[in-house]
Every structure is written in structure tokens, then in C-alpha cells.
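Trainee: I'm new to this one, so could you walk me through it and show me where the descriptions come from?
Mentor: Sure, have a look and then ask away.

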Amino acid sequence: MPVVSSLVLSALMLAGPVGPIPFAVASADGTVVHGQADRPDQTVAGVVVMVAGTGPFDRDVRFSEQPDVPPVFLDLAERLTARGVAVVRYDKRGVRYGASGADRIDAAEILTATTDAQRDDLAAVYDRARLEPGLGGRCIVLFGHSEGMVHIGRLAASGAAAPTAVFGMGALLTDPVSNFRWNLAARDPYSLRLLDADGDGITTNAEVRANIAVTPAAVNGTLDPYLHPSGAWTAADIAAIEQVWVSAYPAIRDATLAMADDAPWPSAEQPLGVWQWAKSWYLDETPVAANLARWNVPVTVHLGDRDSQTHAPLQLAAGRAALGERLTVHLHAGVGHTLGTSPTYGPVDSALADQMADEMATTLRSCAEGG
């Protein structure tokens, strides 16, 4: 990817509509973070910096089981630029933009993707967005999907300058430990209880077959484990399943914590990260909302009621406790982690994508006008 110098980039940005402009900035450890700025073909009201969630994502964030749908961040960026907002997107360290297959991953660099490094990468991109002429960086929104909000929270805790506002989609507000424990131990029992369509305290196999695909448990992609041998789950059955997972949790946690911090995760053969990062889901008990509260700015989060990764009740409780009236939560029925019909994947429902783009554009226009 070509590297555009700061002076050249400044001239281009001030010259008017020029389309996507690639950039490269150095993170705190010297690692070069690559990305692009998308500038609207009109006066810039401000800039949205997009922060991806868990996974080897490049700046576009292709997160769908359907190969022909637009990538999540690319789609939202196009909606924002159409509303007069610049967008800054970047590749996770260790992920090569435009590459495919095994070439997408830089196996050496991705082993440096610790929690601190990912925060520092965001800090470098954020500083560039704030200081680069032509982007409208006096007015800036940080937008996080899923774990992206964790990185934003850690940025706030580091003492970074406050943005205009923070927005999130399927975003964490509780602490990573609580959310991951729900994923591991409580998601399946929660889904089985949710499947009791007639509210009689019994979840039948017929109810499971009819609706398992629209519960958080659908993330596992299998039906058979959710079919009871007798034909129905009683409340006691579901409680027993939950207890099995609760009892197993300490051993799973201890096995993870026994790994070397700098070892490749999940394996040396297919590294997608480093075990220090994986351990954070068992160790980081600081609520994300408490970190965000260090900034005196509004926080808006969009959540789906069938989210397989970010359990909405946990986020609501943690967010309200730490942020109070500064927090706005939109809980959407019938959508999942990426605000689409899937409990996990995109594409984002078009109306909800437009709603988020409208909200961020309105926030930035108000800032630009001195509001």
C-alpha cells in the first residue's frame, strides 16, 4: 500500500473531493498502522473514527456469511460520507488490506496485538484524525463495534483527549470478564428459556426447531445439542445445564491463564492473535462504561435483543451505573450483534444503518456549528 506523507495528505484533503486517501501512522511501539480517510464531496462536518471488534478485520470489516453483501464498515462509511461526514478506518495490526487467504495475516506482526498495542494503534489513528487539516477533526466521533468499544474505553482510561461523542453497535459496556462468562456459561440456557414460546415453563423440541435460528445460541450453527432426548426441557433441566457450564468455567479459565502471554492464539499454525489478549477476557474486570465515564461526553449504543456476543441486559446495567444520563441505549427487536437478522453477522439492517449515520452526522453538525 502506498504511504502518503502528512504534507501531501493535508494538501489533498484541503483541495476538495478526492475520494479515499490511504494513510500510514506509527503506533507507540513503531508498528505502522494502515488505513484510509473517506472524505465527502462537500463541506466536512466532522469525522468518525471506526474501531472494529474481535477478529482479523481490515478497514472494511467484512463480517457476513453472505459473500455478496457490502462489508459492515465500508457500507456505514458510504452512508456517513453521503451525509457530509469524513470517516477514518484502519486495518488491525497483522492484517493485510486487499490480501486473501493465508496472505491476509502477517504471522509475526499479529503476535504483537496485545490489549495495550490495540489501544495504542487506536490512539495513533485518533491523533491523526484530530490533527489532520481537512478532516474536521475538531469534531470527532469514536464508533466501536463489539470489542471495539473496549479499545475505546481503554483509550479513555489512558488519558486521551475526549472526542465529541462515542457511538457503539453491539458494543460492550460491562467488563470483559462478565460478558465472556455469559458467552461461555449462560448463553445456551438463556436461549433455551427464550424458546419457551407459550410461557409454560417447558421448552419443547418443536419450539427449539421453530426458533433456535433467531436466538443467541444460533452462533453455534448446530441444532442437535438443543434437542432434549425426552422431547422437552423443563426448568430444572435448563438449570442443570447452566450449572454444568458454571462448574466448568474455572478449569477453562485456568487453562487459558496457563498459556504464555506471547504465545500465538489460537495456535501456532493459524495465529490470529496473542494469548495475552485472550487472557484479558478472564482478567479485565473494569467496566467499559466506567472507562468511558472518564470523558464527559454522550455515549450512544445500539443493541439487538438476539445478540449472540454482547448480552444487552449486562450492557444496560453497567452503562447506566457508570454513565447515567449521558448514556442513550437503543434496544432493537429482532436483530443481533451486527444489527442484522443474524444473531452474530451482518449486514446491518439498512434502516438501522441509516439511523446510526443520521445520529452521528447530526452530532457532528451540531459540534461544527458550535453547539
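## Surface, packing and one helix

Mentor: The accessible surface of the protein chain is about 15300 Å², with 55% of that on carbon and sulfur atoms; such areas come from the Shrake-Rupley method with a 1.4 Å probe, and for residues only the protein chains shown count as cover. This is a predicted model, where local features need pLDDT of at least 70, side-chain atom pairs count only at pLDDT 80 or more, and totals for chains, interfaces and linings use all residues. Residues are numbered from 1 along each chain as its sequence is written, and side-chain values use heavy atoms, leaving out hydrogens and water.

Trainee: What makes the protein chain as compact as a globular protein of that length?
Mentor: The radius of gyration is taken over C-alpha atoms, and the globule rule is 2.2 Å times the number of residues to the power 0.38. For 371 residues the rule gives 21 Å and the chain's radius of gyration is 21 Å, so the description fits.

Trainee: Why is helix α5 called largely enclosed?
Mentor: Buried means under 20% relative accessible area, exposed over 50%, partly exposed in between (1.4 Å probe, protein chains only). In α5 (residues 148-157), 9 of the 10 residues are buried, so the rest of the structure largely encloses it. Among them are Met149, His151 and Arg154. Across the 371 residues of the chain, 51% count as buried.

Trainee: What comes after α5?
Mentor: Gly159 follows α5, with a positive phi near 95°.

Conventions
Helix = DSSP H or I, 4+ residues; strand = E, 2+ residues; numbered from the N terminus.
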